[in-house]
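Visitor: I am new to this structure and would like a close look at one part of it. Please show me how the helices pack against one another, and take the rest only as far as it helps.

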Amino acid sequence: MIRFALIVASTLGFVLTAALGNLMTPLLRAFRVRQEENEPPTMGGLCLMVGTLAAVGVGWTAACVAQPELLGTESLLTTRLLIALFGALCFGAVGLADDLVRLRHRSPLGLRRPVRLALEAASGTLVLALLGLNHCLPDGLALPGVGYCTLGPLAPVVWLAILVALAESARTADGMDGTVCGCAFIAMLGLMTAMTLLGWFPLGVLPAALAGALMAFLLWNFYPAKLRPGAVGCQFLAGALGCVPLSVGWPGLTLPLALPYWLEGGMVALQIIVWKASGGRQLFGTAPLHRWLEKRGFDPVNIFYIFGVLAMLGLALTLQAARAS
């Protein structure tokens, strides 16, 4: 029955997101954040959020009707699922505020960095607090070839740093058609498989619903894009990639799953560090990675494929880590 719930969640996520994209594209075009006429409208991540939320609700309800023991299990499956979904929505809300600032104040940079970081940190802290109150917060992570490493009191600080860094990296990746959502689609398939291997199969309803929603959104987001996820979509996907593994006690899965985003954000971070340390010298000709590839003559479709390969590499590393556990 759990398999049926996953199918229902992914199918409903696809159908709802496709329908919402068709409905919201002309609406968002009328309130475009970017002022250039040739740019596609943004904030399409709202379609992902609504479609995923509805699909998870229906899928999990179907699973619990068939197996009521899921509601009372000692593993707190429902609690973990709700916290992970809540965390993803919180980060999505930060992205929505970022997009609205661009729209209202005509500011291309959105929220000021200190404000954005504070909101992301508050969202991550709330997720960690909820997991801690329900005794679901892991105190370490499993490293391949090393085993389980306990972090003790430093664990919440490390998890918060990962969540905020991932949110910033995913936000940086927005700008090339299909890259953010394409990589997230592959990551959700990998996450669903890894959760099955690790014994968290019922909670695969969330990545299954999001994978279906992302597949539908790619119909609008693949080059040439008719709709972009915007900061709201990027932050929502980052929240899901960070909060779902954390809620099942495997935060280390986020590191390989989000490999393309880490490369994007890491390249920008190195550029800033070198620029400040050297008094204005640049390490790269341009950043992030998709802009660097674009400058070297790669077209958007080839860049999409390159990021897809990186995401597949992250998926393979994730499954290797799950099998080795």
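Guide: What follows is a walk through the helix packing, with some single residues and loops along the way.

The model is a predicted one. Its chain has 13 helices and 2 strands. The C-alpha trace spans about 55 × 45 × 35 Å along its principal axes. A compact globule of 325 residues would have a radius of gyration near 20 Å, and the 19 Å of this chain agrees with that. Of the 325 residues, 53% are buried. Among contacts between residues at least 6 apart in sequence, 73% join residues at least 24 apart.

Now to the packing itself. Two packed helices are described by the angle between their axes and the distance between the axes. Helix 9, residues 230-247, is a useful place to begin, with helix 7, residues 179-197, as its partner: the two pack at an angle of about 15°, and their axes are 11 Å apart. Angles under 35 degrees count as roughly parallel, so helix 7 and helix 9 are roughly parallel to each other. Their crossing is left-handed. On the side of helix 7 the contact is made by V180, C181, A184, A187, M188, L191 and M195, and on the side of helix 9 by C234, L237, A240, L241, V244 and P245. By class, these residues are 13 nonpolar, with no polar and no charged ones.

Helix 9 also packs with helix 6, residues 155-173, at an angle of about 150° and with the axes 8 Å apart. Helix 6 is therefore roughly antiparallel to helix 9. The crossing of this pair is right-handed. Helix 6 brings W159, L163, L166, A167, A170 and R171 to the contact, while helix 9 brings C234, Q235, A238, L241, G242, C243 and L246. The residues of this contact divide into 10 nonpolar, 2 polar and 1 charged. C234 and L241 are listed on helix 9 in the contact with helix 7 and again in the contact with helix 6.

A further pair is helix 2 with helix 8, residues 205-221, whose axes come within 9 Å and cross at roughly 140°. That angle makes helix 2 oblique to helix 8. The crossing is right-handed. Helix 2 takes part through G45, L48, T52, A55, V56, G59 and W60, and helix 8 through V205, L206, A209, L210, A213, L214 and F217. This contact has 11 nonpolar and 3 polar residues, and no charged ones.

One residue of that contact can be followed further. T52 lies in helix 2, which covers residues 45-66. Its relative accessible area is 0%, so T52 is buried. Leaving aside residues up to four places away in sequence, T52 touches L206, A209, L210, A213 and F236.

W60 of helix 2 is part of the contact with helix 8, and W60 is also touched by T78, as are L70 and L71, not counting residues up to four places away in sequence. T78 is in helix 4, residues 77-105. With 17% relative accessibility, T78 counts as buried. The C-alpha atoms of T78 and C64 are 9.4 Å apart, and the two residues are 14 apart along the chain.

The loops between helices hold some less common backbone features. Most residues other than glycine have a negative phi, and most peptide bonds are trans. M43, in the loop between helix 1 and helix 2, has a positive phi near 65° and is not a glycine. M43 counts as buried, at 6% relative accessibility. H135 is not a glycine either, and its phi is positive at about 55°. H135 is found in the loop between helix 5 and strand 1. At 73% relative accessibility, H135 counts as exposed.

The loop between helix 8 and helix 9 contains P224, which is joined to Y223 by a cis peptide bond with omega about -10°. The bond from A287 to P288 is cis as well, with omega near 5°, and P288 lies in the loop between helix 11 and helix 12.

Key. Residues are numbered from 1 along each chain as its sequence is written. This is a predicted model: local features need pLDDT of at least 70, side-chain atom pairs count only at pLDDT 80 or more; totals for chains, interfaces and linings use all residues. Side-chain values use heavy atoms; hydrogens and water are left out. Axes are lines fitted to C-alpha atoms, for helices over the stretch in contact, and angles run from 0 to 180 degrees between N-to-C directions. Helices (H or I, at least four residues) and strands (E, at least two) are DSSP runs, numbered from the N terminus. Angles under 35 degrees count as roughly parallel, over 145 as roughly antiparallel, 65 to 115 as roughly perpendicular and the rest as oblique. A crossing is left-handed if the near helix is turned anticlockwise from the far one by less than a right angle, and right-handed if clockwise. Contact means heavy atoms within 4.5 Å. Ala, Val, Leu, Ile, Met, Phe, Trp, Tyr, Cys and Pro count as nonpolar, Asp, Glu, Lys and Arg as charged, and the others, Gly among them, as polar. The radius of gyration is taken over C-alpha atoms; the globule rule is 2.2 Å times the number of residues to the power 0.38. Buried means under 20% relative accessible area, exposed over 50%, partly exposed in between (1.4 Å probe, protein chains only).
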